[in-house]
Amino acid sequence: MQAIITSWLTEQGVHASYIALSGVIIACLLIFILCSISFYIAKNYVLVLIHKLTTASKNTWDDVLFDHQVFSRFSLLVPFILLLLLTPYFLAADSLLANILITFAKIGLCFQIARTISSVLNVINNLYRQTATERYLPLNSTLQVIKLVVYLVATILAISQVLDRSPLYLLSGLGALTAVLILVFQDTIKGLVASIQISANRMVAPGDWIELPKYGADGDVIEIGLNTVKVKNFDNTITTVPTYALTSGSFKNWRGMLSSGGRRVKRAIVIDVSSILFYNQEQLEALASVQLITDYLAGKKAEILKQTSEVVSDSTITASTINTRQLTNIGTFRAYINAYLKQHPKVHHEMTCMVRQLPATEVGLPLELYFFSSDQNWVNYEAIQADIFDHLYAAAPLFGLRVFQHPSGFDWKSEKASAGA
């Protein structure tokens, strides 16, 4: 081809001193034009044809190939291959320009092949997410390690082309740089080990709700990578956490709650101790209309009556309030809460459900409700427990109890108005 260009330039009357330079310029232009045309055809005709074929097919995996630009990156290989093949044909193989273009083509091929392999790995990861039933396989981390190795190999091959040395020559020198490489890639190495531990111990998987207060993460895991774990918080912000932080520290995983079918409610109602008292007969009769504790009151009355008759008959003790067992408003209210929870349609009846007294404090006597909501949805969960406590706060005065709260300005104002009246 060089002879043809030289002959043509001679026929055109170009001066002999300019023929060599003109031939090189024309050869470079022809190489550039041919490479550009090949890329244009590959991108605008071949890719369009392939896209029509994949769209018409019933398979979905070939659509993913287009989504991740696998075919687009294949098309970029064409101009580099042509540049590598055409350069010796248009230019003298031993010329400096030819060596530069060939080296450039080889370097471009190395990195473009690496990018293409990376796209194929992205397709594999995407298909795995769509079809896999086992969420704990650390495929994303494994693929990231493979990508790192692929780009590392591409870099070594590119450097070997620039230096005109065998890749084995460069690899032999990496032994002396082992300590430096370990220092540079220490986070990657720790992330790889951590991802394997996370998978083996089934600690966390994409979709799990986790809490890491140290990193401000509280939400759903959306991706477990080689170096970072992405957590989408409930305010729609994204927190990135080092992968090794999940194995080197502690975190809370709510997966057990989600798989159990219930969500725990653990809250207390603080009762004013001064409002706790024994019930008299009139008060007990007023409670007879409360259906939830009808059986409770009947059973307790019979039990107390039996014990009272035994105490009075066997001793000189009179059947007064303090000398015999009596019903209290706090105990009756506790029984009412227990019965109310057990009949509530949104309370999980196969999980723990109880009402207990906690030690009295300076603000009163806490009655703690410990039960599980059958609806785990956050909005519904909050509505259920709010509905239950709304009812109980309103019901407490019916049992002669006061819910404790510190005096407010309204209390002082009402007290002053009562004193003035």
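User: The expected span of a helix is 1.5 Å times one less than its number of residues. What should helix 5 span?

Analyst: At 1.5 Å a residue, the 14 residues of helix 5 (77-90) should span 20 Å, and the end C-alpha atoms are 20 Å apart, which agrees. Helices (H or I, at least four residues) and strands (E, at least two) are DSSP runs numbered from the N terminus. This is a predicted model, where local features need pLDDT of at least 70 and side-chain atom pairs 80 or more, while totals for chains, interfaces and linings use all residues. Residues count from 1 along each chain, and side-chain values use heavy atoms, without hydrogens or water.

User: Where does helix 5 bend?

Analyst: At Leu-84, by about 25° (between axes fitted to the seven residues ending there and the seven starting there). Pro-88 follows within four residues.

User: Which helix 5 residues are buried?

Analyst: Leu-77, Pro-79, Phe-80, Leu-83, Leu-86, Thr-87 and Phe-90 (under 20% relative accessible area, 1.4 Å probe, protein chains only).

User: Switching to the sheet: what's the strand order?

Analyst: 6-8-7, open and antiparallel (pairing takes at least two DSSP bridges). Strands 6 (263-271) and 7 (354-357) each have a single partner strand, so one side of each lacks a neighbour in the sheet. The twist averages 20° from one strand to the next.

User: How many bridges join strands 7 and 8?

Analyst: Four, with strand 8 covering residues 365-373. Gln-357 stands opposite Leu-367 in strand 8.

User: Which strands does helix 15 lie across?

Analyst: Helix 15 (329-343) lies across strands 6, 7 and 8, at about 10° to strand 8. Helix 16 (378-395) lies across strands 6 and 8, at about 25° to strand 6. Contact means heavy atoms within 4.5 Å; angles run from 0 to 180 degrees between N-to-C directions of axes fitted to C-alpha atoms, for helices over the stretch in contact.

Notes. Buried means under 20% relative accessible area, exposed over 50%, partly exposed in between (1.4 Å probe, protein chains only).
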